[in-house]
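Work through the following exercises with the structure open beside you, and try each task before you read its solution.

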Amino acid sequence: MKTRTLVILLLLAAHNVIAVGSHGGRNVSLSALENSRMERQKCDRFASKFRKVSLDGNSNGRVCHPLKVKKGPTVGKVCAGVKERGPRRCLNFIATADFGYKFKVVKAGASQSCNEKARFPFQSVIRYPEGKLVKKEVSNVCLDEFSAPKGSSGDGCCNSSICIAFKVVAVKTSTGKERFAYPDEKNDLCRLNKGYPFVRCKVDLICRSEAVPTPSCELNKADFCFAYDASGSLINPSSGGSTAAFLSQLEFIDKSIRSIQAGAGKALGYGIVEFSSSATIKTSLSNAQMARNIVQNIPVPVGAATNIGAALQVCNSVLSPSSRRTRVLVLITDGLPSAGVTSSSGLDSIANSIKASGVTIITVGAGGFSPSLLSLLSSSGKFIEVDDILQFSGSLVDLLDEICEDT
């Protein structure tokens with residue numbers, strides 16, 4: 001019987017397929033299982049495509065459970081929600097002890113499903129020595145610490161039930177007695193694990209608002225520099241501009257970075273340059289979260305002339321240290337050059353020098369820009385036109401398509 005089994009395995013292995021089970025009368029191969037696993041992604045990759053992520057869709061975005069000793073008293077409670085920590089979205093657990101108790105050990109964890117077997121489901125473990133027990137503890141488990149399959153919707157862990165785990169060692173202050181406590185398992189959504197004791201609870205991870213559009217191409221090796229227009233023609237009402245138009249331009253950059261990063265396989269670099277009569281670096285190549293934070297806090301300038309040549313040169317200097325295969329310079333302007341190099345031939349010479357170094361130039365025009373100039377400066381010979389200076393973000397998909405075509 002053993003010999004027969006060995007022969008079957010060898011024959012199947014010779015064809016690079018090993019039968020490991022059956023489903024509906026069909027053999028399931030190891031290669032099929034591998035393909036299935038490859039479809040899993042970090043939960044954060046799915047969540048990054050949405051503007052707002054919360055638990056259970058509650059107005060405060062948090063879910064709470066009492067912490068109980070098995071067949072014993074309630075010793076406190078734990079509340080969980082979603083919180084941004086730098087560039088990461090995390091499940092934020094806040095455990096609070098009731099009067100007469102303190103915490104010695106606090107454990108928190110998360111996974112894609114409570115149906116998954118787990119001997120130790122905690123990514124965060126905090127321990128306190130004797131004499132330093134706490135009444136309140138905050139733990140974080142980030143969405144990039146567990147994975148989920150894409151599923152039929154393609155949303156993965158988003159808009160579905162995920163699993164959170166929590167466990168504390170609670171100490172009764174009057175006696176020093178230690179007891180394990182968990183979310184109340186009498187809740188229909190919480191279950192006590194057999195064997196190694198812990199409780200896991202189902203909770204819905206709700207991802208709302210519009211899905212972030214992502215590039216149709218793979219952008220694993222690229223850096224970007226956005227040069228935005230701070231000239232008077234975009235900002236000053238007397239020139240047909242407005243504060244709202246300037247802020248709409250910044251929102252366009254913010255959404256562009258968010259969309260590009262959501263479709264990227266790893267962290268990319270983003271530089272930001274402001275130009276009017278001259279050009280100023282707001283940030284050299286930074287990660288997406290840092291660049292977006294800077295963009296979101298840029299004040300409205302007074303506004304002056306339009307120095308497109310300086311914008312190109314300074315943005316190129318931001319990209320110069322990059323060793324990435326693809327470097328993209330996005331020039332956004334609403335007007336004609338009125339400072340520095342103003343001739344089309346002179347600006348063309350600057351742009352050609354930049355393109356010759358391997359940088360792709362994409363031009364975005366709004367308001368009274370020169371279509372022929374933006375076509376001349378761009379790598380593709382085309383430009384993106386913003387229909388309404390108060391709605392720059394309406395051209396976001398066009399920008400993403402242009403990035404993929406040109407790179």
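**Exercise 1: A strand and its partners**

Task: Describe how strand β17 pairs with β18 and with β16.

Solution: Strand β17, which covers residues 269–275, pairs with β18 in the antiparallel sense over five bridges. Two strands count as paired if DSSP finds at least two bridges between them, and strands (E, at least two residues) and helices (H or I, at least four) are DSSP runs numbered from the N terminus. Within this pair, Ile 272 stands opposite Thr 283 in β18, and Phe 275 stands opposite Ala 279 in β18. The two strands β17 and β18 form a hairpin, with three residues between them. With β16, by contrast, β17 pairs in the parallel sense over seven bridges, and there Asp 223 has Gly 269 of β17 as its bridge partner. Strands of a sheet pair through backbone hydrogen bonds, in either the parallel or the antiparallel sense.

Before going on, note where the values come from. The model is predicted, so local features need pLDDT of at least 70 and side-chain atom pairs count only at pLDDT 80 or more, while totals for chains, interfaces and linings use all residues. Residues are numbered from 1 along each chain as its sequence is written, and side-chain values use heavy atoms, with hydrogens and water left out.

**Exercise 2: The sheet around the strand**

Task: Place β17 in its sheet, and decide whether β17 is largely enclosed or open to the outside.

Solution: Begin with the strand order, which is β18-β17-β16-β19-β20-β21 in an open sheet of six strands with mixed pairing. The edge strands, each pairing on one side only, are β18 (279–286) and β21 (384–386). From one strand to the next, the twist averages 15° (axes are lines fitted to C-alpha atoms, for helices over the stretch in contact, and angles run from 0 to 180 degrees between N-to-C directions). Helix α5, residues 243–262, packs on this sheet and touches β16 (222–229), β17, β19 (326–333) and β20 (359–366), while its direction makes about 175° with that of β16. Touching, or contact, means heavy atoms within 4.5 Å.

Now turn to burial, where buried means under 20% relative accessible area, exposed over 50%, and partly exposed in between, with a 1.4 Å probe and protein chains only. Because seven of the seven residues of β17 are buried, the strand is largely enclosed by the rest of the structure. Both of its faces are covered, with Gly 269, Gly 271, Val 273 and Phe 275 buried on one side and Tyr 270, Ile 272 and Glu 274 buried on the other.

**Exercise 3: A core and a cavity**

Task: Find the residues with the most contacts inside the largest nonpolar core, and then say which residues line the largest cavity.

Solution: A nonpolar core is a set of buried Ala, Val, Leu, Ile, Met, Phe, Trp, Tyr and Cys residues joined through side-chain atoms within 4.5 Å. The largest one has 41 residues, and those with the most contacts inside it are Leu 67, Leu 91, Phe 93, Phe 103, Phe 166 and Leu 205. Apart from it lies another core, of 35 residues, including Ala 264 and Leu 396.

The structure holds one cavity of 30 Å³ or more, with a volume of about 60 Å³. On a 1 Å grid over the protein atoms alone, a cavity is a set of points where a 1.4 Å probe fits but cannot get out, and lining residues have an atom within 4 Å of a point; grid points are joined across faces, edges and corners, and the volume is the space filled by probe spheres set on the points. Its lining consists of Val 63, His 65, Val 78, Cys 79, Ala 80, Phe 93, Ile 164, Ala 165, Phe 166, Pro 183 and Cys 201. The elements giving two or more residues to this lining are β5 (62–68), β6 (74–85) and β12 (160–172).

**Exercise 4: Positive phi**

Task: Where does Lys 71 lie, and is Lys 71 buried or exposed?

Solution: Lys 71 lies in the loop between β5 and β6, and counts as exposed because its relative accessibility is 83%. Although Lys 71 is not a glycine, its phi is positive, about 55°. Most residues other than glycine have a negative phi.

Key. On a 1 Å grid over the protein atoms alone, a cavity is a set of points where a 1.4 Å probe fits but cannot get out, and a pocket is an open set with protein on both sides within 12 Å along at least five of seven lines; lining residues have an atom within 4 Å of a point.
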